[in-house]
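Me: I've just opened a new structure and could use some help reading it. Could you walk me through a few features?

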Amino acid sequence: MHSWHGTILRVNLSNQEIKKEKLDPQVAKDFIGGRGLAIKYLFDEVDPKMDALSPDNKLIFATGTLTSTPAPTGNRYMVVTKSPLTGALANSNSGGVFPTELKRTGYDLIIFEGKSEKPVYLWINDDQVELRSAERLWGMPVPETTDRLLEETEPKAKVACIGPAGERLVKFASIMNDKHRAAGRSGVGAVMGSKNLKAVVVRGTKMPSLAEPEKMRKLCLSIQREVGGDVKKGSTLREYGTAYVPQVTNEMGIFPTHNFQSGQFEGVAKIDGVALKEKYLIRPKACYRCPIACGRLTEVDDPKYGGKGEGPEYETISAVGSACGIDNLAAITKANYICNEMGLDTITAGMTVAAAMEMYEKGYIPQEDIGYPLHFGDPDALIESFIKIANREGFGDILAEGSYRMAAKYGHPEFSMSAKKLEFPGYDPRGAKGMGLLYATSNIGASHMTGDLAYAEAFGVPEKIDPITIENKPELIKHWEDAFVVIDAAGLCVFLSIRYMFNTEIMIWPERLTKIMNYATGAGYTEASIMEAGERVYNLERLFLTKAGFTKADDTLPKRMLEEPMPEGPAQGQVVELDEMLTKFYQLRGWDENGVPTKEKLDQLGLNL
Amino acid sequence: MKVTVRLLATYRELFSSEINGNDCIVEVTDGDTFEAVLRKLNVPIGPASVILINGRTSKPGQKLEDSDVLCAFPSMAGG
């Protein structure tokens, strides 16, 4: 096998047994890698109905097929497990340098199972694999944990760990790697905490072999040069990071404001990429083999909100900033640092506080329950809430359950802007209808990462389409979801791959990506077969949800999106016409009217279960 | 008539140096298309740019009306 190492590492935390297993080459080809291979193993090995925080859940660290190869942005890994926040699937994606080092240890997947009696961490130094005590690290924030682990293992090692939020089973705890990068969504950090696994530390020297190294090198170099040339001409992502986006979404009237009550935020210019660059940016920061460098190394010199770290990127500015009515960029950045240090997903953290702010202002949550006023626009209340969430202290213990459970506790789940209990990212779907269908149907809940049609609806990649219409959106979402599986499974970053490894048609097609995959693996993919593999993985994920008890009733959006027209701006008067899109989407997917994959579709995809 | 031209992200640099910010009010002739206005500012017309009129997707050859907000930024994956 090439590119895949062909080895799985299985770590049983209950009895401390560590085993190496062979990866079947046909399974590798059929499920590509990363997200795809991980769901194959998860589906085969767990009962999707189990409690996500019980020892029965498994936590899978999965590098992509092209991770640590010469492929530009081949730097991702995914954490796949059952989510404690949603009860659905979690496949949380992160870059940086940890994933590359993880791949070089020689394993395609690490499967953690059971639960350790005491806190431990896994230390992989090439062929040496051991579980070590993490008792003295328990309770430590992410930066200190990382530093201590590097001291006691190897300075060149890379670390992924949880912070106090993961230890306390906050339902949206992240797994942080390289201190500042996050596998953020769906509470994967809580699953790690439930297993008493504090960290994974890796040092590896095994470069994945390549089937046709010279062809691979040439093609990747030409893409790298192409991207580099474009970056030189002026790259918005390099210049401003994803923080350039608030002005765009605000212009379109889809910038989440006051818990999605509006799509335009008065203070947008105070919290956008230009302000960030002028005030706090030290320099852009790139993941492994990335010519873009959208990461932001920042420092805030402020008596109240001072600090140094990475971020904020767009999603944080939206969820923590405009959604909470906060136009103080120093405070948003500080809140971002707190999330990174304590190990919290900034999107769910921000959106949960935003929901609580709306409910507090409307009188549904009494101040005595919260302990302090929680008005929109109050940065101190936001930051206090984040710290209380991470420590599960006072009202923070209720917020730590996520916006849906918090709002339901007070009898009004409709104030949770979530789908399948996962909070919305930063695009109001009333003005970006494809995103509405995506939020409602994604296998992990309201995520932009599973088929981000905002690229076309908002950003003109590969071409600008009308965001308001529902015409052709089911077709596009189905197609983009399958394509995004391929990108994730390959271990690539979507920012670069959509533009440089696919064709430039709106029905994106893996032209150069298929070549790269074949030069790397020698597996003989065709463009059609790799897209079919994407569809196979997507359907297996859906089956996981079906078996977990999800039905058509869960493929929905909050009442606000379906019945309350956008009050102002370019999307004024719009709601999401979900039913119409959903019926068409199920047909296109080959699912029955209840959203269950049909036998014919499963047979076609070779998923005869 | 007057329209607001709003250039975002790296297109801000296409404004002359005395304009500080994203916006500039420009005088246009009745019947001018957005392409004509943006060409004068060296904004690329075509797939390299996203061009919105009052926040909505522009249509090729679309004529401007008084008080329109014409917004352009480079097409770019992101967010």
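Reply: Sure. Keep in mind that this is a predicted model. Let's begin at a small spot in the backbone: A:G253, which comes just after α9(A), takes a positive phi of about 80°.

Me: And the helix before that glycine, how many of the residues of α9 in chain A are buried?

Reply: For burial, you count neighbours: a residue is buried if 20 or more other C-beta atoms lie within 10 Å of its own. In helix α9 of chain A, residues 245–252, eight of eight residues pass as buried, leaving the helix mostly covered. Among them are A:V245, A:P246 and A:M252.

Me: What covers the buried residues of α9(A)?

Reply: The cover includes α11 (314–321) of chain A, plus β3 (49–53) and β5 (69–74) of chain B.

Me: Now the sheets. What is the strand order in the open sheet of six strands in chain A?

Reply: In general, strands of a sheet pair through backbone hydrogen bonds, either parallel or antiparallel. Here the order runs β8-β7-β12-β9-β10-β11, and the pairing is mixed. β8 (128–133) and β11 (181–183) of chain A each have a single partner strand, so one side of each has no neighbour in the sheet. On average, neighbouring strands are turned by 20° against each other, ignoring direction.

Me: In which sense do β7 and β12 of chain A pair?

Reply: Parallel, over six bridges, between residues 120–125 and 197–203 of chain A. One pair to look up is A:Y121 with its bridge partner A:A199 in β12(A).

Me: Which helix packs on the sheet?

Reply: That's α4 (residues 142–152) of chain A, touching β7, β9, β10 and β12 of chain A. The direction of α4 makes about 140° with that of β9(A).

Note on methods. Residues are numbered from 1 along each chain as its sequence is written. Chains are lettered from A and ligands numbered from 1 in the order in which they are written. This is a predicted model: local features need pLDDT of at least 70, side-chain atom pairs count only at pLDDT 80 or more; totals for chains, interfaces and linings use all residues. A residue is buried if 20 or more other C-beta atoms lie within 10 Å of its own, exposed if 12 or fewer, and partly exposed in between; C-beta atoms are placed from the backbone. Helices (H or I, at least four residues) and strands (E, at least two) are DSSP runs, numbered from the N terminus. Two residues are in contact if their C-beta atoms, placed from the backbone, lie within 7 Å. Two strands pair if DSSP finds at least two bridges between them. Axes are lines fitted to C-alpha atoms, for helices over the stretch in contact, and angles run from 0 to 180 degrees between N-to-C directions.
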